[in-house]
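This report introduces a structure to a reader who has not met it before. It turns to the contact between two chains and then to one strand and its partners.

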Amino acid sequence: MRRRPRMPVDFVVDVTPVMSVIVHLIPMLLLAVRFERLAQHATDTPPAELSAGPAPAAPVGDDARPVVRITHQGFVVRGAGLPDSKLACSGSCDPADYDYDGLGRLLADAKALHPDNAAVVLIPEADVPYDVVARTFAASATRAGRTLFPEPLIVTGAGEGP
Amino acid sequence: MIRRRNRVAVDSGLLITSMMDMFTIILLFLLNFFDPAAGSATDLFLPATSAQAGVEAGVTLDVSPTGVSVGGMQVLALDAGRLPSDAARQGRRIDVVYDALARAKNGATDADAPLIVRADRRTAFGVLGDILYSAGAAGWARYRFVVVDEAG
């Protein structure tokens, strides 16, 4: 009986559909992806509330905790043995115009007076953008690699004040 | 007489192995950065600061100029970042936000889980303050404010 000679079969994978899927996926992902790394500011203290009214005095009395009031004109710092200080923002008082460096210097002085305290009281006014508050978190948490006050106590309900 | 070779048809297949390799690597690279949970609000721009790297897992509270979302579900629409005047409230507490956060708190497997707050950097703190007040009333005590890491 005559047998057909067995011919080697070249098994070729057709990758065209796979290529098509990938070519469609890449632009979709390029539109959706954001190349950024996320971080967080942590606080384990729920926000406190001020009574309504402008320019309240330092609340939540604890003399070791510096109090930073964030206004639309800059920072007002008091408490923790510091002299009352106003740090005016420059220019049009955009979020980048606030004096975070000056705030860090003041808080470093407060930290030297109260090294065991890790809390800072932040009182943002209602019209201050959240961007300023977030940058204040960072400025009060560390300075030049040194830990200052990484536990912010946020106080809400501040109106507009001097 | 010149002997001519029989012309043999050459099957010149397109060699796309290298291209496949490149596309696969690009795809894996993009998939590494793609986070479907992070992209729930395309109009939400986080502030950029230096902070503790990494974000904990937990219930997310998104505050964008167009709305407030809890766990990816919008609960309150905002008007250019402002609270609507007709939103039902009890003092500073916003009822719909309070209800959604209370449900999330009751449904959380970990009683000490933090609330992950992702707020747009342009949000006025007065608006965020009322939302945080509602969160506090719902029982949330620990907060994680998500930012874009400047160092990253």
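## Interface and strand pairing

Across the interface of chain A and chain B, two salt bridges are found. One of them joins Asp44(A) to Arg142(B), whose closest N and O atoms lie 3.1 Å apart. The model is predicted, and these values are computed from it. Polar contacts across the interface of chain A and chain B amount to 14 residue pairs, both residues of each pair being at pLDDT 80 or more.

Several elements of chain A take part in the contact. Helix 1 (16-32), strand 1 (38-43), helix 3 (130-141) and strand 9 (151-156) of chain A each provide at least two residues of the side that touches chain B. Helix 1 of chain A contributes the most to that side, with nine residues. Sorted by class, the side of chain A that touches chain B comprises 28 nonpolar, six polar and eight charged residues.

In total, 42 residues from chain A and 51 residues from chain B make up the contact. The two chains bury about 4000 Å² between them, and 69% of this area is on carbon and sulfur atoms. On the side of chain A, the residues that lose the most area to chain B are Ala39(A), Gln40(A) and Tyr130(A), which together account for 20% of what that side buries.

Strand pairing also crosses from one chain to the other: strand 1 of chain A pairs with strand 9 (residues 143-149) of chain B in the antiparallel sense, over six bridges. Within this pairing, Ala39(A) stands opposite Val147(B). Ala39(A) is also among the residues of chain A that lose the most area to chain B.

Strand 3 (residues 67-71) of chain A is largely enclosed by the rest of the structure, because five of its five residues are buried. On one side of strand 3 of chain A, Val67(A), Arg69(A) and Thr71(A) are buried, and on the other side Val68(A) and Ile70(A) are buried, so that both faces are covered.

Strand 3 of chain A has the following pairings within chain A.

| Partner in chain A | Sense | Bridges | Opposite residues |
|---|---|---|---|
| Strand 4 (residues 74-79) | antiparallel | five bridges | Thr71(A) and Gly74(A) |
| Strand 6 (residues 119-124) | parallel | four bridges | Val68(A) and Leu122(A) |

How many residues lie between strand 3 and strand 4 of chain A in the hairpin that they form? There are two residues between these strands.

Notes: Residues are numbered from 1 along each chain as its sequence is written. Chains are lettered from A and ligands numbered from 1 in the order in which they are written. This is a predicted model: local features need pLDDT of at least 70, side-chain atom pairs count only at pLDDT 80 or more; totals for chains, interfaces and linings use all residues. Side-chain values use heavy atoms; hydrogens and water are left out. Contact means heavy atoms within 4.5 Å. Buried area is the accessible area (1.4 Å probe) that two parts lose on being put together, summed over both. A salt bridge is a side-chain nitrogen of Lys or Arg within 4 Å of a carboxyl oxygen of Asp or Glu. A polar contact is a pair of N or O atoms within 3.5 Å; within protein, one must be able to donate a hydrogen and the other to accept it, and residues adjacent in sequence count only if both atoms are side-chain atoms. Ala, Val, Leu, Ile, Met, Phe, Trp, Tyr, Cys and Pro count as nonpolar, Asp, Glu, Lys and Arg as charged, and the others, Gly among them, as polar. Two strands pair if DSSP finds at least two bridges between them. Buried means under 20% relative accessible area, exposed over 50%, partly exposed in between (1.4 Å probe, protein chains only).
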